[in-house]
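Subject: Handover of a structure

Dear colleague,

Please find the structure below, together with its sequence. An account of what was found in it follows.

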Amino acid sequence: MHYGLKNQTGYRTTVRSWTGRGLRPFVFMISLWFSLTAVAPAYAFELFGFHLWGEKTDSEETDTVGVPDPTAYSVEFRVVGENEDHPSKIEKELQSVSLLVREIKQLPSGTSGVLARATKDFERLIGKLYEDGYYGALVEITVAEVPLNQALLHPEKITQRPVPILVVVNRGPQFHIGQAEVFYRGPITKEQLDLPNAQALGLIEGAPAFSSSVVSAEKKAVQSLKDQGYPFAKVERRQLLANHANRALKVKINLLSGPYARFGPVTVSGTVKMDPHFVREYANIPQGSQWDADIISAAESKLRDLEVFSSIRFEPAKKLDQNGELPLTIVVAERPRKVFGFGANYSSNEGVGVEGYWRHRNLFGQAERLSITGAVGQLLAVDNEQIEYAARVTFEKPGVLGPLTSFSTSAAAVQENPDNYRSTSLTYDLYLSREFTDALSVRAGGEVYFAKERDVFGRNDYFLIGLPINLTYDTRNDTLNPTKGVDATLFFEPAYDVRGKTENLYSNASIASYLPIMGEDQLVLAGRVSTGAIIAPSVRDVPAARRFFLGGGGTIRGYAYKNVGPRIDDQVAGGRSFILFNGEIRSKITENLGVVGFVDAGAAYLTQFPSFDETLSIGVGGGIRYFTPVGPLRLDVGVPLDPKRNDPPLALYIGLSQAF
């Protein structure tokens with residue numbers, strides 16, 4: 001491929017082929033961030049790196065501000081044996097690591113800058129080829145028809161502008177792993193521990209000899225030693241021998257364990273408003289126990305979840321103390337204690353709304369959090385009674401009964417007005433939460449709930465006193481974009497209605513699982529099953545806001561929000577039980593783009609347990625995912641296969657994160 005650009009003197013080259021060898025349901029968030037980025041006048045628009053409209057100016061095409069003697073150059077990039085019309089994935093990857101190609105719009109300073117970039121390219125390309133197992137590869141770079149090594153000796157002879165550069169890559173054959181050995185030295189060899197051999201570390205004879213496989217094996221071996229009480233473990237020596245005759249890479253790795261250690265005293269550095277004693281206790285590092293890198297990782301994750309620190313670093317001492325323990329320092333930097341935010345949303349079903357929050361992240365020095373949130377919906381409603389609102393004040397105290405237990409309490413006022421009912425409610429609750437393992441946690445407490453409602457049964461008031469309990473089991477590798485693991489929840493709440501003098505039991509359960517079937521995230525199957533049951537004398541004895549309704553982005557895509565369920569006089573009344581199935585197949589096309597196909601099916605029932613007398617409502621569709629640093633941006637289109645009154649022919653959903 002040939003690359004070039006317009007420079008200050010008016011030269012222009014073109015890109016050409018070279019013959020060479022070489023949201024909530026129906027809701028999307030209009031983020032304030034996007035509006036702030038458009039404050040300055042603009043005549044062109046870009047989103048996520050894509051130029052959408054407007055003409056790019058020269059200042060957009062090149063970056064020469066502060067660069068003395070900006071020097072333009074052109075690049076021909078050839079890979080021996082490649083098809084000029086269909087460059088392979090390897091050729092594209094080589095070009096992606098080439099600074100000459102990737103940074104061609106950022107003009108270097110003078111001929112020396114061009115040569116420096118070409119020199120870095122040589123190193124980067126060789127590194128990439130080794131990474132892919134091509135240990136006999138050749139990379140030749142010529143600058144103005146002069147080999148790079150000679151051009152470096154006489155840069156003054158390069159006078160042509162733009163400077164012509166030719167990069168020729170000959171990959172040669174791909175090598176495979178031959179004999180691979182891993183040796184351990186140090187005190188650990190006397191402990192008779194089960195240490196991973198080369199094969200267990202991923203160095204399998206006959207497999208492609210990726211350099212990343214060797215690096216990964218070293219990291220796994222070192223991590224294994226650190227997890228067994230040897231924090232100073234390191235790679236002592238690495239030997240790689242490429243046999244060009246049989247295209248095999250011989251690997252020999254020597255590891256040094258260093259001394260055995262136990263966790264020593266922990267100190268905290270960098271706190272300003274935070275109580276260092278609380279930080280030390282909350283990290284929950286067990287002094288005297290065997291050193292374990294996993295414990296450090298878990299402690300860092302717990303401290304990060306407090307949302308108080310902008311950075312967290314664990315620094316072990318350089319040597320053991322006289323007790324054979326390794327002292328540890330937690331170095332932190334605090335974030336601003338107060339934060340606020342707001343945004344807007346639009347739904348074809350729910351209209352226009354705004355929402356915002358204010359939060360104090362560290363009230364008394366132990367990460368106590370006070371949050372005030374509010375939202376107003378249906379702002380364009382003709383009748384003011386149709387306006388929806390929600391306001392909540394929440395106080396949270398982590399580490400209330402030790403580092404694994406937290407306390408929270410909140411008060412909320414909510415008015416919601418979907419098509420099926422209108423509910424105005426006040427709620428007060430308090431909870432204790434306990435983490436039993438990294439995956440398992442329990443949340444239990446008490447709740448007082450008062451509601452005034454109007455629905456298909458007329459006007460009703462409810463005054464509930466309940467004892468809710470939540471159990472969560474979560475082994476997902478990523479909460480926003482899971483590709484493996486399980487996410488299971490179980491909820492039940494015995495409650496008493498003081499006004500109706502009825503006893504109710506609310507319950508629901510859900511389990512989702514994720515299975516990668518190609519690579520780690522190239523093709524993933526995702527499935528979820530959910531069900532619920534309410535033990536109550538009748539549907540009318542259950543507040544409408546607490547009955548089961550399906551339909552919308554969180555349940556059955558394609559159907560209108562809360563429009564699937566048992567009907568009375570052709571109005572969805574809500575059910576005392578439900579069953580729901582969600583299935584997706586997720587495929588990642590490029591590093592940033594993916595596609596999804598999905599099927600959702602479910603039904604709600606008047607009976608206390610699913611009776612299956614209602615036909616399952618099925619929605620099908622597909623969508624795209626754009627993977628951003630904060631999570632996948634989701635765009636789904638769902639179609640109802642059996643639409644009822646108020647259901648659209650299709651529905652659009654936009655949000656951040658996977659659907660489940």
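Is lysine 452 buried, partly exposed or exposed, and what is its relative accessible area? Lysine 452 has a relative accessible area of 47% and is therefore partly exposed. Please bear in mind that the model is a predicted one, and that every value in this message was computed from it.

Salt bridges

Lysine 452 takes part in a salt bridge with aspartate 461, and their closest N and O atoms lie 3.4 Å apart. Its partner, aspartate 461, is also partly exposed, with a relative accessible area of 29%. This pair belongs to a total of 31 salt bridges found in a search of the whole structure.

A second pair is formed by arginine 557 and aspartate 600, whose side chains meet at 2.8 Å, N to O. Arginine 557 is in the loop between strand E26 (523-535) and strand E27 (567-568), whereas aspartate 600 belongs to strand E30, so this salt bridge ties together parts that are 43 residues apart in sequence. Arginine 557 and aspartate 600 are both buried.

In a third pair, arginine 634 and aspartate 636 form a salt bridge in which the closest N and O atoms are 3.8 Å apart. Arginine 634 has a relative accessible area of 10% and is buried; aspartate 636, at 0%, is buried as well. A network of salt bridges links Arg557, Glu584, Arg586, Asp600, Arg625, Arg634 and Asp636.

Lysine 302 and the second largest pocket

Lysine 302 is found in helix H9, which covers residues 293-305. The residue is buried but has no salt bridge. Glutamate 435 offers the nearest side chain of opposite charge, at a distance of 4.2 Å; a salt bridge requires a separation within 4 Å. Apart from neighbours within four places in sequence, the contacts of lysine 302 are Tyr282, Pro403, Leu404 and Glu435.

Lys302 is also one of the residues that lie nearest the centre of the second largest pocket, along with Tyr282, Asp305, Glu435 and Ser441. This pocket has a volume of about 1,400 Å³ and a lining of 47 residues. By class, the lining comprises 17 nonpolar, 15 polar and 15 charged residues. Helix H9 provides the largest share, 8 residues. Among the other elements that each supply at least two residues are helix H8 (276-283), strand E20 (422-435) and strand E21 (440-455).

The largest cavity

The volume of the largest cavity is about 100 Å³. It is lined by 14 residues, and those closest to its centre are Asn481, Asp521, Arg586, Phe627 and Gln658. Strands E29 (577-588), E30 (593-605) and E31 (617-628) each contribute at least two residues to this lining, which consists of 5 nonpolar, 5 polar and 4 charged residues. Arg586 is also a member of the salt-bridge network described above.

Isoleucine 253

Finally, isoleucine 253 is located in strand E11 (residues 248-256). With a relative accessibility of 1%, isoleucine 253 counts as buried. Isoleucine 253 lies 73 residues from alanine 180 in sequence, and their C-alpha atoms are 8.2 Å apart in space. Setting aside residues up to four places away in sequence, isoleucine 253 touches Glu181, Val182, Phe183, Leu203, Val214, Glu218, Val235 and Arg237.

With kind regards

Key
Residues are numbered from 1 along each chain as its sequence is written. This is a predicted model: local features need pLDDT of at least 70, side-chain atom pairs count only at pLDDT 80 or more; totals for chains, interfaces and linings use all residues. Side-chain values use heavy atoms; hydrogens and water are left out. Helices (H or I, at least four residues) and strands (E, at least two) are DSSP runs, numbered from the N terminus. Buried means under 20% relative accessible area, exposed over 50%, partly exposed in between (1.4 Å probe, protein chains only). Lys and Arg count as positive and Asp and Glu as negative; His and the chain ends are not counted. Contact means heavy atoms within 4.5 Å. On a 1 Å grid over the protein atoms alone, a cavity is a set of points where a 1.4 Å probe fits but cannot get out, and a pocket is an open set with protein on both sides within 12 Å along at least five of seven lines; lining residues have an atom within 4 Å of a point. Grid points are joined across faces, edges and corners, and a volume is the space filled by probe spheres set on the points. Ala, Val, Leu, Ile, Met, Phe, Trp, Tyr, Cys and Pro count as nonpolar, Asp, Glu, Lys and Arg as charged, and the others, Gly among them, as polar.
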